[in-house]
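Me: I am new to this structure and would like a close look at a single part of it. Please take one helix first, then say what can be said about the cysteines and the surface.

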Amino acid sequence: MSQTYFIGVDIGTTSTKAITFSESGQVKSIGNQTYPLLVPQPAWAEQNPETIFKAVIAAIHDALAEASLAKSQIAAVSFSGAMHSVIAVDAQGYPLTQAIIWADNRSTAQTAWLKQDGSGHRLYRRTGTPLHPMSVLPKLLWLRQVQPECFQQAAKFISIKEYVLHRLLARYVVDYAMASATGLFNLAQLQWDEEAMAMAGIRPNQLSEPVPTTHILQGMNCRDAQAMGLAPTTPIVVGATDGVLANLGVGAISPQQVAITIGTSSAVRTVVAKPITDAKGRTFCYALTPDHWVIGGPSNNGGIVLRWLRDGFCQLEMAQAIRQGVDPYDWMVQAALQVPAGAEGLLCLPFLAGERAPYWNPNARGIFFGVGLHHHKAHFIRAVMEGVLFAVYSIHLALQDLAGAAVEIRASGGFVRSNPWCQMLADILGCEVLIPHVYEASAVGAAVLGMSAMGAIARLQDVDDLIGIARRHTPNRSLADTYQPLFSLYERIYHRVTEELEELAAYQPQN
């Protein structure tokens with residue numbers, strides 16, 4: 001008897017990945033389609049909805065083609081998607097805007113207005129989404145104020161995943177996880193928040209129907225089903241967001257298990273039994289299932305900072321590495337390892353893209369502190385790698401305040417391909433870091449959620465039987481002692497220059 005497979009699709013910031021996942025927990029194939037991040041103006045970050053849709057079709061097609069599976073072997077397709085995107089669409093579902101994504105900071109002024117009188121913080125306590133330009137609420141305010149004609153013409157405001165599902169199935173639905181990341185969704189009532197909608201100036205019928213993450217849709221249009229290699233009757237599980245599914249994909253869904261993801265951006269998350277928000281507003285709270293709520297915080301600045309350093313300052317080395325058949329990132333890591341921990345007194349505050357948790361400051365900027373004549377390129381690489389992990393550590397500490405100390409940390413994302421960087425994380429956190437076999441945690445999480453929706457597993461905790469641990473990184477205690485005072489200095493520097501960062505963000509060069 002042939003084995004049954006589930007397809008997990010992760011619609012990400014710079015690529016869409018589709019995996020075929022067996023009932024026994026094996027990834028048989030991966031389809032990957034990349035696309036550009038659009039930055040038409042400073043502080044803007046967008047995606048083209050049609051480009052994303054085509055990438056989804058192609059990624060699923062490629063995964064199925066590589067696996068050589070029959071249509072009858074696919075039990076369901078389940079979706080993961082990046083949070084906080086919004087597209088205005090007309091009555092026919094045609095996009096009136098690009099997808100304005102999580103990295104977009106154009107609504108900084110609207111966010112500041114929401115924070116003025118305290119109503120914004122009360123809204124956060126109800127919706128679980130911190131006040132920041134990433135949130136859909138201030139994005140809608142920006143559209144309403146800056147592009148009023150487009151705002152008035154819009155029939156719906158939807159995420160990129162909702163756009164894909166509507167194209168496939170002609171239904172406007174949004175899972176509780178994606179809805180809870182908009183700043184418009186009441187966590188206690190599991191429905192759209194009336195005050196938030198009033199602030200945004202929208203009606204309930206301009207938002208999709210909220211449904212559980214395990215909700216199943218059927219009836220794909222035949223053209224797209226054929227293009228993907230699927231039967232039109234294949235069940236589609238609505239799925240959840242990349243963040244909460246990354247926890248599921250690495251098996252971190254029990255209390256005090258922490259998942260850390262470092263890809264383009266980064267995040268630290270843990271699962272609790274009921275919604276929890278932070279009196280200080282440092283963390284998010286998003287739905288997975290009625291009994292699983294994910295709390296944590298994201299950083300805007302993960303691997304994107306190392307890529308900035310590579311592309312802007314390591315071009316000669318990058319070209320040489322490519323000629324020698326060496327990954328440029330491997331060269332950078334090896335260069336960093338020639339420098340002692342702490343980069344001989346060079347600190348990096350890696351806020352090149354502003355910052356989210358725990359500071360939620362879109363005006364934060366990157367800082368190299370302590371530069372001396374003895375510092376060379378390798379020092380800057382090491383300082384960037386450590387700075388990205390200091391940002392992760394600051395979120396980890398905030399999370400501990402709410403959920404208690406972690407008993408287990410599981411890591412995923414592109415950075416786990418680098419053993420030295422993972423070891424550096426263990427040294428900075430001062431605790432063991434586990435690396436699961438599968439790197440694509442959100443896509444695996446989507447597939448596992450699809451298995452749960454279809455009854456292939458009895459409970460989400462059964463993911464432990466599917467996810468194996470590839471390696472463990474035990475902290476070097478002497479290095480942990482080295483990093484602690486440097487992290488304390490890192491935090492003090494940030495808090496002492498916040499006013500100057502605000503002033504710099506407002507700076508306009510004279511013509």
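Reply: What follows starts with one helix and then turns to the cysteines and a surface patch. The model is a predicted one.

The helix is α14, which covers residues 377-403. Helix α14 has 27 residues, and the distance from its first C-alpha to its last is 39 Å. That is close to the 39 Å expected at 1.5 Å a residue. Of the 27 residues in α14, 19 are buried, so the helix is largely enclosed by the rest of the structure. Just after α14 comes Gly-404, which takes a positive phi of about 90 degrees.

Next, the cysteines. The structure holds zero disulfides. Cys-314 is buried, at a relative accessible area of 1%. The cysteine sulfur closest to that of Cys-314 belongs to Cys-348 and is 13 Å away, too far for a bond; a disulfide would need the two sulfur atoms within 2.5 Å. Cys-222, in contrast to the buried Cys-314, counts as exposed because its relative accessibility is 55%, and the cut-off for exposed is over 50%.

Last, the surface. Trp-308, Phe-313 and Leu-352 form a nonpolar patch there, and together they have about 280 Å² of accessible area. One of these residues, Leu-352, is found in the loop between β19 (347-349) and β20 (367-369). Leu-352 counts as partly exposed, because its relative accessibility is 35%, and partly exposed lies between the 20% and 50% limits.

Terms used: Residues numbered from 1 in each chain as written. Predicted model: local features only at pLDDT ≥ 70, side-chain atom pairs only at ≥ 80, totals over all residues. Heavy atoms only, no water. Buried < 20%, exposed > 50% of the residue type's maximum accessible area, 1.4 Å probe, protein only. Helix = DSSP H or I, 4+ residues; strand = E, 2+ residues; numbered from the N terminus. Expected span 1.5 Å × (residues − 1). Patch = residues over 30% accessible without salt bridge, like charges linked within 9 Å, V, L, I, M, F, W, Y side chains within 5 Å. Areas by Shrake-Rupley, 256 points an atom, 1.4 Å probe, with all protein chains shown as cover. Salt bridge = Lys/Arg side-chain N within 4 Å of Asp/Glu carboxyl O.
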